[in-house]
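Trainee: I should like to request a close look at a single part of this model, namely the packing of its helices. Please also relate that part to the enclosed and open spaces of the chain.

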Amino acid sequence: MVEKTILEAVKKVLEESPKRNFSESVDLAINLKNLDMNQPKNRVDEEVILPHGLGKELKIGVFAKGDVGLKAKAAGAAYVISDVELEELAADKNRARALANECDLFIAETQFMPTIGKTLGIVLGPRGKMPIPLLPNKDVGELIQSKKNAVRLRSKDKLTFHVPVGRRDMSPEELAENIETVVSRLERVLEKGRYNLRSVFVTTTMGKSERVV
């Protein structure tokens, strides 16, 4: 059962924001307090599995070959990039940038990681899209499915940061549960829990915002 205040805030935002002719994202604006963000230990960097996903199909690129590549394609990877294709991307930075912008995230077999770091790090790093390593004992299909419902809470060295929690066409209840999941994780990882949260606002891409914390 979600907090009534969160559900009411979501309903208000959805009701009072003008409808647009595209599928708007629903995001949280998170504002921290009483933390020295120059200290790495105070920075937030957490992956959260949303109970209702993001309401859209994420594009995932997988650096893999052989059976792993086939399994990745079967699991819904948008792109499966072999070692040969990796060399081609390394030589064509415009194509590499286009792929980095198109994909939401990347997964890579561990043997690809050193080459990716050397050749594509300059493209993927600044976008926060360096691949998630696929460890030998992990199933690529399961990893893809879990990542499709995951978001990253990443504050870097800022007290304010944003995270998507769904789409406008999702139900208020689904969005509220996703929001509560994010807030609960923040309370667990911040040194003083809710006392380190100045505020959390929910908003649509081009709509109004409403405070939930």
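Mentor: A crossing of two helices is called left-handed if the near helix is turned anticlockwise from the far one by less than a right angle, and right-handed if it is turned clockwise. In this predicted model, the crossing of α3 and α5 is left-handed. Two packed helices are described by the angle between their axes and by the distance between those axes. For helix α3, residues 83-91, and α5, the angle is about 25° and the axes are 9 Å apart. Angles under 35 degrees count as roughly parallel, and α3 and α5 are therefore roughly parallel to each other.

Helix α5 also takes part in an enclosed space. A search of the whole structure finds 1 cavity of 30 Å³ or more, and the largest cavity holds about 40 Å³ of space. Two or more lining residues are given to the largest cavity by each of the elements α4 (93-102) and α5 (113-124). The residues that line this cavity are F63, L89, A96, L99, A100, F106, L120, V123 and L124. In character, the lining divides into 9 nonpolar residues, with no polar and no charged ones.

For the wider setting, the chain is divided into domain 1, comprising 2-43 and 154-209, and domain 2, comprising 58-145. Their C-alpha centres lie 29 Å apart. The largest pocket has a lining that draws at least three residues from each of these two domains. Its volume is about 800 Å³. The pocket is lined by 26 residues, and those nearest its centre are D104, L105, G128, R152 and R154. Strands contribute to this lining: β1 (25-32), β5 (105-109), β7 (150-154) and β8 (160-167) each supply at least two of its residues. Of the elements, β8 provides the largest share, with 5 residues. Whereas the lining of the largest cavity has no charged residue, that of the largest pocket comprises 11 nonpolar, 4 polar and 11 charged residues.

A second helix pair may be set beside the one with which we began. Helix α1, residues 4-16, packs with helix α7, residues 172-189, at an angle of about 125°, and their axes lie 9 Å apart. That angle makes α1 oblique to α7. The crossing in which α1 passes α7 is right-handed, whereas that of α3 and α5 is left-handed. To return to the part you asked about, α3 and α5 pack at about 25°, and α5 gives two or more residues to the lining of the largest cavity.

Conventions. Residues are numbered from 1 along each chain as its sequence is written. This is a predicted model: local features need pLDDT of at least 70, side-chain atom pairs count only at pLDDT 80 or more; totals for chains, interfaces and linings use all residues. Side-chain values use heavy atoms; hydrogens and water are left out. On a 1 Å grid over the protein atoms alone, a cavity is a set of points where a 1.4 Å probe fits but cannot get out, and a pocket is an open set with protein on both sides within 12 Å along at least five of seven lines; lining residues have an atom within 4 Å of a point. Grid points are joined across faces, edges and corners, and a volume is the space filled by probe spheres set on the points. Helices (H or I, at least four residues) and strands (E, at least two) are DSSP runs, numbered from the N terminus. Ala, Val, Leu, Ile, Met, Phe, Trp, Tyr, Cys and Pro count as nonpolar, Asp, Glu, Lys and Arg as charged, and the others, Gly among them, as polar. Domain bounds come from an automatic or database domain assignment. Axes are lines fitted to C-alpha atoms, for helices over the stretch in contact, and angles run from 0 to 180 degrees between N-to-C directions. Angles under 35 degrees count as roughly parallel, over 145 as roughly antiparallel, 65 to 115 as roughly perpendicular and the rest as oblique.
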